[in-house]
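Colleague: I should like to go through this model with you, one point at a time. Please reason through each answer before you give the value or name.

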Amino acid sequence: MMTVLDGVLMELQDCALPLLKDVIATDKEEVAFKDLDVAVLVGSMPRREGMERKDLLKANVKIFKSQGAALDKYAKKSVKVIVVGNPANTNCLTACKSAPSIPKESFSCLTRLDHNRAKSQIALKLGVTADDVKNVIIWGNHSSTQYPDVNHAKVKLHGKEVGVYEALKDDSWLKGDFITTVQQRGAAVIKARKLSSAMSAAKAIADHIRNIWFGTPEGEFVSMGVISDGNSYGIPDDLLYSFPVVIKSKTWKFVEGLPINDFSREKMDLTAKELAEEKETAFEFLSSA
């Protein structure tokens, strides 16, 4: 893959980006992970046709155990690690467990793409821009069990902020097609493009890192997969689960005290169950990898 990487390097140089000083293309962990401030782990083993999920988990445990160990050994202890490669939540947990000297709060996985998809679906439906929609939530796994929740979301309409449910007045869409559209958007993109999301994923990674670095705007929260320890939403500890968070001084905190209705509860628990199962399978491989 080094020749492919050199092609990417050429394109980056050819963008003449004002903030880009240097790019090092390498296939050596000790070079790639040295003194990192931020690590974006994009590479993972994609699921091939006829492949069982556990085979996918096994292949990825190997990759993320190795990358976690490399982070532990070579990166700054203050490094922020963002996992994008799927299954992102469990890959992130594997890397985290393999890097015991880096705080587990420094590991997060990307659910911002789902978050942005949810925002844009609401905006399209209301004929506003995505910027006018805030505080959507993605709960759980970056998979088709994720729960896009707009019970606490607000939209700017005619100069004032209103709740999304109130603005749309279409509960059956919000509890039905809206959720499935966001859950299955990745597959829809693949079906149409014959390739997975690229630009929208890159934009989401940039959004995610920008928020870690510069914080979230006042009164706004975002979704990211983080370690579930100490959450107040009844999600078991030691899962890498997507929550609503606010960020200040490069440190995230759970958004607390959001009321959860029965509809949400069931969906939040379902995705937690899937993550617990994934974790169990991955950890069997982790101890033998």
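**Cysteines, backbone, surface and domains**

Modeller: The structure holds zero disulfides, a disulfide being a pair of cysteine sulfur atoms within 2.5 Å. This is a predicted model, in which local features need pLDDT of at least 70 and side-chain atom pairs count only at pLDDT 80 or more, while totals for chains, interfaces and linings use all residues. Residues are numbered from 1 along each chain as its sequence is written, and side-chain values use heavy atoms, with hydrogens and water left out.

Colleague: Which cysteine sulfur is nearest to that of Cys96, and how far away is it?

Modeller: A disulfide is a covalent bond between the sulfur atoms of two cysteines. Cys96 is in no disulfide. Its nearest cysteine sulfur belongs to Cys92, at 6.6 Å.

Colleague: Is Cys96 buried or exposed?

Modeller: Buried means under 20% relative accessible area, exposed means over 50%, and partly exposed lies in between (1.4 Å probe, protein chains only). The relative accessibility of Cys96 is 9%, so Cys96 counts as buried.

Colleague: Which peptide bond is cis, with omega near -5 degrees?

Modeller: Most peptide bonds are trans. The cis bond leads into Pro87, which is found in the loop between β2 (80-83) and α4 (88-97); helices (H or I, at least four residues) and strands (E, at least two) are DSSP runs, numbered from the N terminus. The bond asked for runs from Asn86 to Pro87.

Colleague: What is the phi of Ser249?

Modeller: Most residues other than glycine have a negative phi. Ser249 lies in the loop between β10 (240-248) and β11 (251-254), and is exposed because its relative accessible area is 66%. Its phi is positive, near 50 degrees.

Colleague: What is the phi of Lys250?

Modeller: Lys250 is placed in the loop between β10 and β11. With a relative accessible area of 32%, Lys250 is partly exposed. Although Lys250 is not a glycine, its phi is positive, at about 60 degrees.

Colleague: How exposed is Leu20?

Modeller: Leu20 sits in the loop between α1 (2-14) and α2 (29-32). Its relative accessibility is 35%, so Leu20 counts as partly exposed.

Colleague: Where does UniProt place the feature "domain: Lactate/malate dehydrogenase N-terminal"?

Modeller: The UniProt entry is unreviewed, and annotations may be inferred rather than shown by experiment. Over the span concerned, the chain is 45% helix and 9% strand. The record places this domain at residues 4-107.
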